[in-house]
Amino acid sequence: MFTLIYASRDDFGFDGADLAELCAKSARKNEELSITGYLYYRHGQFFQYLEGERDAVVALMGQIRRDARHTIFSELQDETLQQRRFPDWSMRYIHPDGLMFEDAIAIQMKVLARSETSEAMSDRVWQTIDKLSELRAHL
């Protein structure tokens, strides 16, 4: 199983309706591609986690990179996942106002914002995602 996370800056000015539409379209497309994950948005920045077969995730990420509505500033990949962390989330939008785990995602975004991400920092991001996976039934 291949996993990828990225952080990007909103260049479009997304509002609540735009985010809802984006997530609905993404959920349909991800379901067709057997990709799961989540999207988090706050203060003009996106954080997205994707998991699935490598070719499908890489192809989708190519489309995401070409989307002019945002600018990707950091990316991490991992091919060691044995099973999905979020098997029932084709594209879950995690709303920051209702998230008890918000600080952890904020930390992930800060780590990804650094130009050089150390292995220890990358491990921290993946550990945080694992914890979020454990809590997903409560989100």
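1. A residue is called buried when its relative accessible area is under 20%, exposed when over 50%, and partly exposed in between (1.4 Å probe, protein chains only). The model is predicted: local features need pLDDT of at least 70, side-chain atom pairs count only at pLDDT 80 or more, and totals for chains, interfaces and linings use all residues. Residues are numbered from 1 along each chain as its sequence is written, and side-chain values use heavy atoms, with hydrogens and water left out.

2. Strand β3 covers residues 45–52, and 7 of its 8 residues are buried, so the strand is largely enclosed by the rest of the structure. Strands (E, at least two residues) and helices (H or I, at least four) are DSSP runs, numbered from the N terminus.

3. Two strands are taken to pair if DSSP finds at least two bridges between them. Strand β1 (residues 2–10) is antiparallel to β3, with 8 bridges. Strand β2 (residues 36–42) also runs antiparallel to β3, and 7 bridges join these two. Tyr 49 in β3 serves as a reference position: Ile 5 stands opposite Tyr 49, and Tyr 38 stands opposite Tyr 49 as well.

4. The connection between β2 and β3 is a hairpin with 2 residues between the strands. In this turn, His 43 has a positive phi of about 50°.

5. The whole structure contains 5 salt bridges, a salt bridge being a side-chain nitrogen of Lys or Arg within 4 Å of a carboxyl oxygen of Asp or Glu. One of them joins Glu 75 and Arg 65, whose closest N and O atoms are 2.8 Å apart. This pair links distant parts of the chain, 10 residues apart: Glu 75 lies in strand β4 (residues 70–78) and Arg 65 in helix α2 (residues 54–66). Glu 75 counts as partly exposed because its relative accessibility is 26%; Arg 65, at 44%, also counts as partly exposed.

6. Another salt bridge is formed by the side chains of Asp 67 and Arg 69, at 2.6 Å from N to O. Asp 67 has 23% relative accessibility and so counts as partly exposed, and Arg 69, at 31%, is likewise partly exposed.

7. Asp 130 forms a salt bridge with Arg 85, the closest N and O atoms lying 2.4 Å apart. The two residues are 45 residues apart and link distant parts of the chain, Asp 130 being in helix α4 (residues 119–135) and Arg 85 in the loop between β4 and β5 (92–94). Asp 130 is partly exposed at 33% relative accessibility, whereas Arg 85 is buried at 7%.
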